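Student: I have just opened this entry and would like a guided look at it. Could you take me through it step by step?

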Amino acid sequence: MHTMSYSLQTCSGSMSFEDKRPLPNTPASERISAHSNNRFGAVLSSLYGFWYARSATIGSSPSASRRDAYSVILFDSHVMPVIENDFTSNPDQLLDAVLPYTASGGTNFTAAIAEAAGIMERHWSTERSPVIIFLSDGECQIADQTMQGLCRTSIQLGQAVSFHAVLFSGDSQIAGSSNIYHTFFGRQHATSTCLHRMVEIAQDAQNNAPTDPLAPTAMTVMSSYTDVLDTVQLAETFLGIAESLEKPRGSLMPLNNRRT
């Protein structure tokens, strides 16, 4: 499956906490740690692993070219579109574009989703499936209409978006809650009802979207929610999403009983 992959990653103040650090012993570990030896760096490690895994699907042929298009949106109180519809950069070049950013500020889910919808509209391609990975370590209110608008836009353009929310929290009570979902700000004890609701809206849109004859139901990667407590689980989650895009199935398999 060729994708338009949108990574929405929080860089709010809580992402500067050093309770989680970049994944060690990878080709990018030292570079990431030198810039962000904290939660944000752990997220960059997993994002790098996702890009690397997707690039491996191309193979080793010198004539092979990447068909995925990558966009990265960082957000705190404001939105920072760092990479937009990139077809050519390799994982190290993509990482270089994100490394200079640091964690600070609050959060704004609404602005992040609106930015993703805008990029999706500007660069839509019938040859690629829209996939959004939305990661946060906190909570933020967002109206149903905002998420519904994103899903409606995607369907009108030709295909329902596959939306994957990841909550990366240092608080075991929050991460173990049945209501948690991804968020990009930094409150330690926020609830996550609105985040889980975002996934429900995306799943409902996928289930009710018109059938695409070029994308059979068996090829659909359903939207998902995952909560993770450490860097290793986060890396596994991103790799699991990458694998699901290579070998599509009805839904992502559970990871440590935390993904739905």
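Tutor: What follows is a short conversation about the fold, one strand, one helix and a few residues.

Student: Before that, what kind of model is this, and which pLDDT is needed for local features?

Tutor: This is a predicted model, in which local features need pLDDT of at least 70 and side-chain atom pairs count only at pLDDT 80 or more, while totals for chains, interfaces and linings use all residues. Residues are numbered from 1 along each chain as its sequence is written, and side-chain values use heavy atoms, with hydrogens and water left out.

Student: How many helices and strands does the protein chain have?

Tutor: The protein chain has eight helices and six strands. Helices (H or I, at least four residues) and strands (E, at least two) are DSSP runs, numbered from the N terminus. Starting at the N terminus, the order of elements is β-α-α-β-β-α-α-β-α-β-α-α-β-α.

Student: And how much of the chain is buried?

Tutor: Of the 260 residues in the protein chain, 52% are buried. Buried means under 20% relative accessible area, exposed means over 50%, and partly exposed lies in between, with a 1.4 Å probe and protein chains only.

Student: Let us turn to strand S4. Why is it described as largely enclosed?

Tutor: Strand S4 covers residues 129-136, and eight of its eight residues are buried, so the rest of the structure largely encloses it. On one side the buried residues are Ser129, Val131, Ile133 and Leu135, and on the other they are Pro130, Ile132, Phe134 and Ser136.

Student: Which strands pair with S4?

Tutor: Strand S1 (residues 3-10) pairs with S4 in the parallel sense over seven bridges, and strand S5 (residues 162-168) pairs with S4 in the parallel sense over six. Two strands pair if DSSP finds at least two bridges between them. Leu8 is opposite Phe134 in S4, and Val131 is opposite Ser162 in S5.

Student: What do S4, H5 and S5 make together?

Tutor: With helix H5 (residues 144-157) they make a right-handed β-α-β unit. A crossover is right-handed if, with the strands pointing away from the viewer, the path from the first strand over the helix to the second runs clockwise.

Student: You mentioned Phe134. Which ring does it pair with, and at what angle?

Tutor: To begin with, the structure holds seven aromatic pairs. One of them is formed by Tyr48 and Tyr52, a tilted pair at 6.1 Å centre to centre with 35 degrees between the planes. Rings of Phe, Tyr and Trp (its six-membered ring) pair if their centres lie within 6.5 Å; planes under 30 degrees apart count as stacked, over 60 as edge-to-face and the rest as tilted. Tyr48 and Tyr52 both lie in helix H2, four residues apart, about one turn of the helix. Tyr48 is buried at 5% relative accessibility, whereas Tyr52 is partly exposed at 48%.

As for Phe134, its ring centre is 5.0 Å from that of Phe109 and the planes are at 80 degrees, so this pair is edge-to-face. The pair links distant parts of the chain, with Phe109 in helix H4 (residues 109-122) and Phe134 in strand S4, 25 residues apart. Both Phe109 and Phe134 are buried, and they form one aromatic cluster with Phe75 and Phe163.

Student: Back to H2, then. How many residues does it have, and how many are buried?

Tutor: Helix H2 (residues 39-56) has 18 residues and reaches 26 Å from its first C-alpha to its last, close to the expected 26 Å. That expected span is 1.5 Å times one less than the number of residues. H2 is mostly covered, with 13 of its 18 residues buried.

Student: One last topic: where is Thr231, and what does its side chain reach?

Tutor: Thr231 is in helix H8 (residues 231-246), and it is buried at 9% relative accessible area. Its side chain reaches the backbone oxygen of Arg21 at 2.8 Å. A polar contact is a pair of N or O atoms within 3.5 Å; within protein, one must be able to donate a hydrogen and the other to accept it, and residues adjacent in sequence count only if both atoms are side-chain atoms.
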